[in-house]
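Please look at how the ligand is held in this predicted model, beginning with the parts of the protein that meet around it and ending with individual atoms.

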Amino acid sequence: MESRNYIGGEWMTPTAGELVVPNPSNTQETVGLVHLSAKEDVLQAGDAAVAALSKWTSMTPGARGEVLLKAAQLLEARAEEVAHLASSEMGKPITEMKGEVKRGINLLRYYAAEGVRAFGSVIPASQQQVLQYTKRVPLGVVGLITPWNFPIAIPIWKLAPALICGNTIVWKPAENASLSATALTQVLVDAGLPAGVLNTVIGQGSVVGQALMDEVPLDAVSFTGSTQTGLKVGEQAARRNIKYQTEMGGKNAAVVLADANLDIAVPAVVSGAFTSAGQKCTATSRVIVEAGIYNRFVAALRDAVNELYVGSALDQKSYLGPVASAAQFEKVSAFVDVALREANEVAQARLQVNPASGYYVAPLVVDGVGVQHPLVQEEVFGPLMTLLPVRDFDEAIAVCNDTVYGLSASVFTENLHAGMRFLDEAQAGMVRVNLETSGVEYQAPFGGMKMSSSHTREQGQAALDFYSQTKTCAVYYG
Ligand code: NDP
């Protein structure tokens, strides 16, 4: 498989460079070849998106929805193939990746139907015989910058609402998900998207992303990725006064109170921390445990970690696979080294594969560090869980909120009062009781507080608010 750009209705092979993609599960194996774009490709994509705008905008939302419905059908028909490619490219276990593709299909169907949903409102006017109402109109050309950790679902949760609202798009996928992005673009092309409506430009963030932000006449940008890059994108967007949304990092906590049901808490914490090898912005990274249950929780957690199956992403039995890339391996391994040096090891899973065959990091649980330690404050984005014992609920909330991030937080308790207090007091955009931190539903708003986001929301109806703007109309008919 080779990556390609899709610009102005044409498939193109950019020539600014090439990258061979190794399979993170087995780095001896090559998955494909990525062709990198130059600034000129991005500018061409911007021109194509501008040129296609009036035609796409003037189509009825229902007609735009037909394209999304067709894309859902095609993605369903190609689900196995797309999941296999994405798992091979970035190492997410195939069973999880199939779930992600299914979610992409649901998102396409959901936003297809949004085309014909009633929206806007009629607002009484102060003058007689005046009809005053609001309507939603497209923003124009939207730039989408996506990460590699959800190579199918994140692009779709931006593309589908942007398209149904009548915008045209320049999409810059993560370099590390270029093959998946090419396959997803093919689905949308085959679904009948008119030329120029979606323009996919494959390449490096420092070249393609930068040119997109600096030179393409964007009306809005939606970004998901690291806080460092997100803040830069936000600054550039603010300077140009274009609408923007940045979904960034997390340092998500699960709080286990003394009365927690461990049959619920332990699997939820393990899943939150270790599925996708911990590479989710909503992954559980800190587990705050009330003293009264600490020893019992640790014993049950150890048993669960000992049973984890860590193997190739294409092995159906794998609970988690490798991390996504050499860069991720280096970054996460550095945190593991710090953890093994400066914290106490509580549990570490065994690998079911030769560690040297791919980017494998054995899931690790540690304790014995203070709340200001880098393991507790920095986003690791790997299978590393830090336990923090606390005296009581008040200390648990204080520790939970002692972070610059605010994406998701969970509490495990049988006490309704404690659960409701947690929902009130935890400073996070996604707050949950007796559920893992990383559950996200496409029909509900998703996003964080504090440094985790630009305080906008994605998915559900919130995405339609982002990808459109409101006009207040008034008609005098006297
Ligand atoms: P980045 O934030 O750098 O990448 C996210 C997207 O932004 C990619 O498409 C990237 O392109 C692009 N990009 C990079 N630089 C620029 C730029 N100057 N202007 C515009 N776009 C740009 O994250 P990384 O992939 O480098 O991952 C590094 C760390 O970020 C991870 O270890 C993790 O901690 C965090 N991360 C968090 C995510 C989350 O969901 N919260 C998702 C992904 C990463 P390219 O890939 O080509 O460089």
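Domain 1 (5-248 + 453-476) contributes residues to the shell around the ligand, and domain 2 (252-441) does so too, which means that the ligand lies between the two. In the predicted model, the ligand also sits in the largest pocket.

The shell itself can be described first by its members and then by the elements that carry them. In total, 27 residues surround the ligand, and the closest are Trp148, Ser226, Met248, Gln328 and Lys331. Sorted by class, the shell has nine nonpolar, 13 polar and five charged residues. Four elements, namely the helices α7 (205-215), α8 (227-240) and α11 (326-342) together with the strand β9 (220-224), each supply at least two residues of this shell, and among the contributors α7 gives the most, with three residues.

Turning to individual atoms, the backbone of the protein comes within polar-contact distance of the ligand, for which the cut-off is 3.5 Å between N or O atoms. Met248, which is also listed among the closest residues, has a polar backbone atom 2.8 Å from a nitrogen atom of the ligand. A polar backbone atom of Gly205 is 3.1 Å from an oxygen atom of the ligand, while a backbone N or O atom of Gly225 lies 3.4 Å from a ligand nitrogen atom. With regard to cover, the ligand on its own has 860 Å² of accessible area, of which the protein covers 86%.

Notes
Residues numbered from 1 in each chain as written. Predicted model: local features only at pLDDT ≥ 70, side-chain atom pairs only at ≥ 80, totals over all residues. Heavy atoms only, no water. Near = heavy atom within 4 Å. Polar contact = N/O pair within 3.5 Å; in protein donor to acceptor, adjacent residues only side chain to side chain. Areas by Shrake-Rupley, 256 points an atom, 1.4 Å probe, with all protein chains shown as cover. 1 Å grid on protein atoms, 1.4 Å probe; cavity = no way out; pocket = protein on both sides within 12 Å on 5 of 7 lines; lining within 4 Å. Sits in = over half its atoms within 2 Å of the grid points. Nonpolar A, V, L, I, M, F, W, Y, C, P; charged D, E, K, R; others polar. Domains from an automatic or database assignment.
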